[in-house]
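Me: Could you take me on a close walk through the sheet of the smaller partner, strand by strand, and then show me what surrounds it?

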Amino acid sequence: MSHLNRGIIVFLIFLGLSWTVHREVGKLRHEHRVRSMLLVIQEGLQRYHVDQEKYIPRATLTGSELIRVLLDFEFLAEVPLNPWTGQAWALDNEEPDHLRYQTDPHFETYALQALVPDSDEILLEIDSVHHLSLE
Amino acid sequence: MSPRIQVPLAMLFRLVAVLSIGWMIHHHHLRVIEEGQHPIRLSEVKVFLPQAHDLALAGDPGGGLQVVDATRTRIGYVARSMPHGRSIKGYSGPSDVLMVYDADDKLLGITIRHSYDTPSHVEDVVADYLFMERWNGLTRREIARMGDLKRSKVYGVSGATRTSEAVAQSVALRAGIGREQAMAQVHQFRWQDGALVLVALAGLALTFIKHPLLQRRRFWIHLVIVLYLGLISGDLLAQSLLISWVEHGIPWRTLPGLVILVAVAFIIPWSTGKPTYCTHICPHGQVQRWLTRWVPPQARFPLPRDIRWGLLALPGGLLMLTLLVTFLKLPLDLAGIEPFDAWSIRNAGLATLVVAGISLVFSALVPMGYCRYACPTGLALNLVRRHGKGFGPRDAWLFGILLLSALLYFGYATWKPWIIG
């Protein structure tokens, strides 16, 4: 019985630690997917800017709305992956969408922010003033 | 085998194991930093050096990769401007520029690998051969001096002036990286360093000088150490500190006092078997020791033998977690798995405060409970500790940790795609 008890305790310790590693790997994977998505959309947005000589003139857009505009203007070759679903963006405004686009037309600036679900906390952002790259 | 042979052999094994683990963590960190968001691919280098066969860390202060041919002969050097040049903005963002040098350190050419800048301006810059070949044939030293574009007669590309100027500045910045860092490091010894050296000397004195005159004042010396090291300086040894030093280099120029303290913490148990840091210096250990004396025996909770035995795996497990977080670059703050940051109450995160609170309550019920059953830093110091018989069970743990490090280090190319998913 003694060996069994000891084994259970050691197993529980390593189970807890494995769960921690699993959770953190999940976060890392998600961040990587968000990063890839931001890079694709940022490039499309820059192409829009060159063509239209301004950023999309809407103070705030959701990810779906922004992608629809970029697809309409053909600045995105294909629908990017939605990192919160792991599928191509359905663009129906009903899927998890934690991407926010903002612009200030007076200063010709933009910001793309990926938010932590159900909060206003920014996971990753790229903009034309402070966060020029994702590196 | 007699202890006379086993003891030095075991000491040598521990030294080699710790240095090997440290080297692998350091090298891995440089590798990941060098790769960044967009790792340099061999195919990009082959455009300039067709005989390139492999890329390996250059190991010089400027970072970068050395290019070797099939016979492993160094045939060039390659570096990218990101992340160093991330604040150099063109029209709308920075560009990642690849620089390939030959074996004589002369630039063979540059390419723009990826850009956060306006795509059409980047395309204009790439198409301007006169601009892109402006640095060809120059050495890194010469390029580093070309940060002042006007004086260096580097002219921007018409229609993409800001993008091309940002590229030129990124190239100059990246070429000068190692030199600037070497010049920026200045030796300093502040009063805080002196205080830490005194703490280390006090710990050594309490360990080795058994004179009653000194030992009778032990409580007061410990109290001063707890107040200074714990509450004023907050310089406790922790996994977060040790890993950061191993990754970025030991700050012996800027924090000599703390380096001496850490050296004492490792070298004394390794060479003499006496755990000076754990017994006489660590404020968290000292508070637990006081709790053991002050809490009445009837309030203590005797842990069943099986639980005690099982819990001994926790510090080792936490040490393995530290290695996984370090090698996999997981977004877990290592300060949160130990209570030591809680001593700097104003800067402490919630996780470390919770761990500190639980560890002290646990240690009040189970004498020295945190030190015995949860402290990964204590275990790390214990793993190098000398003991009379030569090899012991702790060496099996050290071997396991060395093995895990080797798997994570050498298997990087295999597990990296799986981790990213």
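Reply: Two strands pair here if DSSP finds at least two bridges between them. Helices (H or I, at least four residues) and strands (E, at least two) are DSSP runs, numbered from the N terminus. The model is a predicted one, in which local features need pLDDT of at least 70, side-chain atom pairs count only at pLDDT 80 or more, and totals for chains, interfaces and linings use all residues. Residues are numbered from 1 along each chain as its sequence is written, while chains are lettered from A and ligands numbered from 1 in the order in which they are written.

Now to the sheet itself. In chain A, four strands make an open sheet with the order 1-2-3-4, and the pairing is antiparallel. Its edges are strand 1 (60–62) and strand 4 (122–127) of chain A, each of which pairs on one side only. From one strand to the next, the twist averages 20°; for angles like this, axes are lines fitted to C-alpha atoms, for helices over the stretch in contact, and the values run from 0 to 180 degrees between N-to-C directions.

Let's go across it. Strand 1 and strand 2 of chain A run antiparallel and are joined by three bridges. On that seam, A:Thr62 sits opposite A:Arg100 of strand 2 of chain A. Moving on, six bridges hold strand 2 of chain A to strand 3 of chain A, again in the antiparallel sense. Here A:Thr103 faces A:Tyr110 of strand 3 of chain A. These two strands form a hairpin with four residues between them, and A:Glu108 in the turn has a positive phi of about 55°.

The next seam joins strand 3 of chain A to strand 4 of chain A, antiparallel over five bridges, with A:Gln113 opposite A:Glu125 of strand 4 of chain A. That hairpin has six residues between the strands, and A:Asp118 takes a positive phi near 60°.

Which side chains of strand 3 of chain A are buried, and which are not? They alternate: A:Tyr110, A:Leu112 and A:Ala114 point to one face and are buried, whereas A:Thr109, A:Ala111, A:Gln113 and A:Leu115 point to the other and are not. "Buried" has a cut-off: 20 or more other C-beta atoms within 10 Å of the residue's own, with 12 or fewer for exposed and partly exposed in between, using C-beta atoms placed from the backbone.

Next, the helices. Helix 2 of chain A lies across strand 1 and strand 2 of chain A, at about 95° to strand 1 of chain A. Contact, by the way, is when the C-beta atoms of two residues, placed from the backbone, lie within 7 Å.

After helix 2 (63–72) comes a loop leading to strand 2 (99–104) of chain A, and A:Thr85 is in it. A:Thr85 counts as exposed because it has 12 C-beta neighbours inside 10 Å. Beyond its neighbours within four places in sequence, A:Thr85 is in contact with A:Glu95 and A:Pro96. Its C-alpha atom is 20 Å from that of A:Gln42, which is 43 residues away along the chain.

Stepping back to the whole chain, chain A has two helices and four strands, in the pattern α-β-α-β-β-β along the sequence. Its C-alpha trace spans about 75 × 30 × 25 Å along the principal axes. The radius of gyration of chain A is 20 Å, where a compact globule of 135 residues would have one near 14 Å; the value is taken over C-alpha atoms, and the globule rule is 2.2 Å times the number of residues to the power 0.38. Of the 135 residues in chain A, 26% are buried.

And the partner? Chain B puts 31 residues in contact with 27 residues of chain A. Helix 3 (119–127), helix 15 (305–311), helix 16 (313–328) and helix 21 (412–420) of chain B each supply at least two residues of that side. The largest share, six residues, comes from helix 16 of chain B. The residues on this side of chain B split into 18 nonpolar, ten polar and three charged; Ala, Val, Leu, Ile, Met, Phe, Trp, Tyr, Cys and Pro count as nonpolar, Asp, Glu, Lys and Arg as charged, and the others, Gly among them, as polar.
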